[in-house]
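Here are some short exercises to work through with the model open beside you. Try each task before you read its solution.

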Amino acid sequence: MNNRTKGIAFEQYVRQILESNGIITQSTIASNDYGADILFDYQGYRFVVQCKCLSGAPVSSRFKR
């Protein structure tokens, strides 16, 4: 499985979690989406989700505290 396939599978997993909680989701087109992967409306707000399936420890020092 390549990284792209893993990323798509992770996006589907995140969508399943949202939809299992009654949230209707919408996927974006794979290109020219400015990083947006999933869109949904909840309690009057529009949410844009960018999914990242990473392995290993986070790089940013703010996560090391």
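How many of the five residues of β3 are buried?

Solution. Keep in mind that this is a predicted model. Buried means under 20% relative accessible area. Going through β3 with that cut-off, the number buried is zero, so the strand lies largely in the open. Two of its residues show how this looks in practice. Tyr45, which sits in strand β3 (residues 45-49), has 58% relative accessibility and therefore counts as exposed. Phe47 comes out at 34%, so call it partly exposed.

**Exercise 1. Lay out the chain.**

Task: list the elements of the protein chain in order, then say how the strands pair.

Solution. Start with the inventory: one helix and three strands. Reading from the N terminus, you get α-β-β-β.

Next, take the strands in twos. Strand β1 (residues 25-27) runs antiparallel to strand β2 (residues 38-42), with three bridges between them. Gln26 has Leu39 in β2 as its bridge partner. β2 also pairs with β3, again in the antiparallel sense, this time over five bridges. Here Ile38 is matched with Val49 in β3, and Asp41 stands opposite Arg46.

Finally, check the connection. β2 and β3 make a hairpin with two residues between them, and Gln43 in the turn has a positive phi of about 50 degrees.

**Exercise 2. Track down the salt bridges.**

Task: find the salt bridges, and say where their residues sit.

Solution. The count comes to two. For the one in the helix, look at Glu19 and Arg15, whose closest N and O atoms are 3.2 Å apart. Both residues belong to helix α1, four residues apart, or about one turn of the helix. Now add the accessibilities: Glu19 has a relative accessible area of 38%, so it is partly exposed. Arg15, at 24%, also falls in the partly exposed class.

For the other one, go back to the hairpin. Asp41 stands opposite Arg46 in β3, and the two form a salt bridge with 2.7 Å between the closest N and O atoms. With 45% relative accessible area, Asp41 is partly exposed.

**Exercise 3. Sort the aromatic pairs.**

Task: which aromatic rings pair up, and is each pair stacked or tilted?

Solution. What you need for each pair is the distance of the centres and the angle of the planes. The count comes to two aromatic pairs. Phe10 and Tyr13 are 6.3 Å apart centre to centre with 35 degrees between the planes, which makes this pair tilted. These two are three residues apart in helix α1 (residues 3-20), so about one helical turn separates them. Phe10 has 26% relative accessibility and counts as partly exposed; Tyr13 is partly exposed too, at 46%.

Then turn to Phe40 and Phe47. Their ring centres lie 5.0 Å apart and the planes meet at 10 degrees, so this pair is stacked. The two partners fall in separate burial classes: Phe40, at 9% relative accessibility, is buried, whereas Phe47 is partly exposed at 34%.

**Exercise 4. Find the nonpolar surface patch.**

Task: which residues form a nonpolar patch on the surface, and about how much accessible area do they have together?

Solution. Members of a patch need over 30% relative accessible area. Tyr45, at 58%, clears that cut-off, and so does Phe47, at 34%. Along with Tyr42, they form the patch, with about 340 Å² of accessible area together.

**Exercise 5. Step back to the whole chain.**

Task: describe the burial, surface and contacts of the protein chain in numbers.

Solution. Begin with burial: 18% of the 65 residues count as buried. Then take the surface, where the accessible area comes to about 5700 Å² and carbon and sulfur atoms account for 53% of it. Last, look at contacts between residues at least 6 apart in sequence: 19% of these join residues at least 24 apart.

Notes:
Residues numbered from 1 in each chain as written. Predicted model: local features only at pLDDT ≥ 70, side-chain atom pairs only at ≥ 80, totals over all residues. Heavy atoms only, no water. Patch = residues over 30% accessible without salt bridge, like charges linked within 9 Å, V, L, I, M, F, W, Y side chains within 5 Å. Areas by Shrake-Rupley, 256 points an atom, 1.4 Å probe, with all protein chains shown as cover. Salt bridge = Lys/Arg side-chain N within 4 Å of Asp/Glu carboxyl O. Buried < 20%, exposed > 50% of the residue type's maximum accessible area, 1.4 Å probe, protein only. Phe/Tyr/Trp six-rings, centres within 6.5 Å; stacked < 30°, edge-to-face > 60°. Contact = heavy atoms within 4.5 Å. Pairing = 2+ DSSP bridges.
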